[in-house]
Amino acid sequence: VDYQITDALGVSLGLSYTEDEKVVVADVDIDDPFGTLPLAAIDPALVALQFFTPFTNYPNANESGVFESDDVTHSLRFTYDLDESTSLYVSHSTGFKATSVNMSVDARVLRSAKPEEATNIEFGLKKTLDNGFVNIALFEQEIDGFQSNLFTGTGFALINAGLQVHTGAEIDAAFALSENLTVTASATYIDP
């Protein structure tokens with residue numbers, strides 16, 4: 001929804017509902033007699049010597065193989081026109097990434113990662129010139145429950161790596177120096 005509050009001030013609002021379902025079916029048979037030895041019963045540390053332990057298929061007694069996630073996300077933006085060629089804006093938005101599943105044969109412990117949620121705040125200025133434009137933005141993005149693959153030595157474990165915060169600034173500009181020559185410049189600084 002876009003709404004012009006005054007001649008200079010406008011607002012945009014967007015809402016999104018996401019419903020995600022993953023149905024995972026796996027029937028993996030690893031032919032590794034050493035990997036099937038019950039070394040954990042002798043000493044749990046010995047399991048590290050087994051490169052490919054038996055794969056736990058989906059569905060099984062503890063896991064249905066069905067992963068469901070849903071979330072409502074939004075985008076809210078206010079824009080204020082200082083004059084015909086200059087505007088300021090501020091925006092707040094959220095994002096969502098559904099549950100992910102690790103189907104690696106080395107997924108011994110962590111086989112799925114919970115959803116991740118992102119929040120982004122941005123302040124900016126847009127200026128149009130007779131021969132070009134300049135856009136400047138300051139931003140901060142937080143990702144809670146970031147989904148990552150952790151290398152375990154013989155494979156990868158899918159994990160939620162906690163909170164990540166990225167702050168930064170960016171500038172984007174273009175200037176037509178003549179009918180045949182345009183100069184552009186873009187730069188981004190990110191502090192993750």
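## A walk along the strands

Start by selecting aspartate 20, which is partly exposed, with a relative accessible area of 23%. Bear in mind as you click around that this is a predicted model.

**Stop 1: the salt bridge.** Keep aspartate 20 selected and add lysine 22. Their side chains meet in a salt bridge, 2.9 Å from N to O. Lysine 22 is partly exposed too, because its relative accessibility is 27% and the partly exposed class runs between 20% and 50%. As a rule, side chains of opposite charge can pair when their charged atoms come close. How many salt bridges does the structure hold? The count is 1, so you can save this view and move on, given that lysine 22 and aspartate 20 make a salt bridge by the cut-off of 4 Å.

**Stop 2: the negative patch.** Now select Glu19, Glu21, Glu68 and Asp70, which form a negative patch on the surface. Which strands each supply at least two residues of this patch? Colour β2 (9-23) and β3 (66-83) and you have them. Zoom in on aspartate 70, which sits in strand β3. With a relative accessible area of 46%, aspartate 70 is partly exposed.

**Stop 3: the nonpolar patch.** Clear the selection and pick Val1, Tyr3, Ile5, Leu13, Leu15, Tyr17, Val72, Phe78, Val90, Ile121, Phe123 and Leu138. Together they make a nonpolar surface patch with about 1200 Å² of accessible area. Strands β2, β3 and β7 (116-129) are the elements that give two or more residues to the patch. Which element has the largest share? That would be β2, with 3 residues. While you're here, centre on leucine 138, which lies in strand β8 (residues 132-144). Leucine 138 is partly exposed, at a relative accessible area of 48%.

**Stop 4: a buried serine.** Next, go to serine 91, in strand β4 (residues 86-97). Is serine 91 buried or exposed? It counts as buried, because its relative accessibility is 13% and buried means under 20%. Show what surrounds the residue: setting aside residues up to four places away in sequence, serine 91 touches Leu76, Arg77, Asn120, Ile121 and Glu122. You may recognise Ile121, one of the residues of the nonpolar patch.

**Stop 5: a cis proline.** Switch to a backbone view and find proline 59, in the loop between α1 (39-42) and β3. Check the peptide bond from tyrosine 58 to proline 59: that bond is cis, with omega near -15 degrees.

**Stop 6: alanine 169 and its contacts.** Move along to strand β11 (residues 163-176), where alanine 169 lies. Alanine 169 counts as partly exposed, at 26% relative accessibility. Which residues does alanine 169 touch, not counting those up to four places away in sequence? Light up Ala137, Leu138, Phe139, Ala187, Thr188 and Tyr189. So Leu138 from the nonpolar patch turns up again here, as a contact of alanine 169 by the 4.5 Å cut-off. If you'd like a distance to try, draw a line to leucine 129: alanine 169 and leucine 129 are 40 residues apart in sequence and 21 Å apart in space, C-alpha to C-alpha.

**Stop 7: the β11–β12 loop.** Now pick serine 178, in the loop between β11 and β12. Serine 178 counts as partly exposed, with 41% relative accessibility. From there, draw a line to threonine 128: the two are 50 residues apart in sequence and 17 Å apart in space, C-alpha to C-alpha.

**Stop 8: along β12.** Strand β12 (residues 182-191) is where you'll find valine 183. Its relative accessible area is 37%, which makes valine 183 partly exposed. Leaving aside neighbours within four places in sequence, valine 183 is in contact with Ala173, Ala174, Phe175 and Leu177. Add glycine 132 to the view as well: valine 183 and glycine 132 are 51 residues apart in sequence, and 9.2 Å apart in space from C-alpha to C-alpha.

Finish on aspartate 191, also found in strand β12. At 40% relative accessibility, aspartate 191 counts as partly exposed. Show its contacts and, not counting residues up to four places away in sequence, you get Val165, His166 and Thr167. For a last distance, take aspartate 191 and glutamine 164, which are 27 residues apart in sequence and 11 Å apart in space, C-alpha to C-alpha.

Methods: Residues are numbered from 1 along each chain as its sequence is written. This is a predicted model: local features need pLDDT of at least 70, side-chain atom pairs count only at pLDDT 80 or more; totals for chains, interfaces and linings use all residues. Side-chain values use heavy atoms; hydrogens and water are left out. Helices (H or I, at least four residues) and strands (E, at least two) are DSSP runs, numbered from the N terminus. Buried means under 20% relative accessible area, exposed over 50%, partly exposed in between (1.4 Å probe, protein chains only). Patches are made of residues with over 30% relative accessible area and no salt bridge: like charges are joined within 9 Å, nonpolar side chains (Val, Leu, Ile, Met, Phe, Trp, Tyr) within 5 Å. Accessible areas come from the Shrake-Rupley method with a 1.4 Å probe; for residues, only the protein chains shown count as cover. Lys and Arg count as positive and Asp and Glu as negative; His and the chain ends are not counted. The place of a charge is taken as NZ of Lys, CZ of Arg, CG of Asp or CD of Glu.
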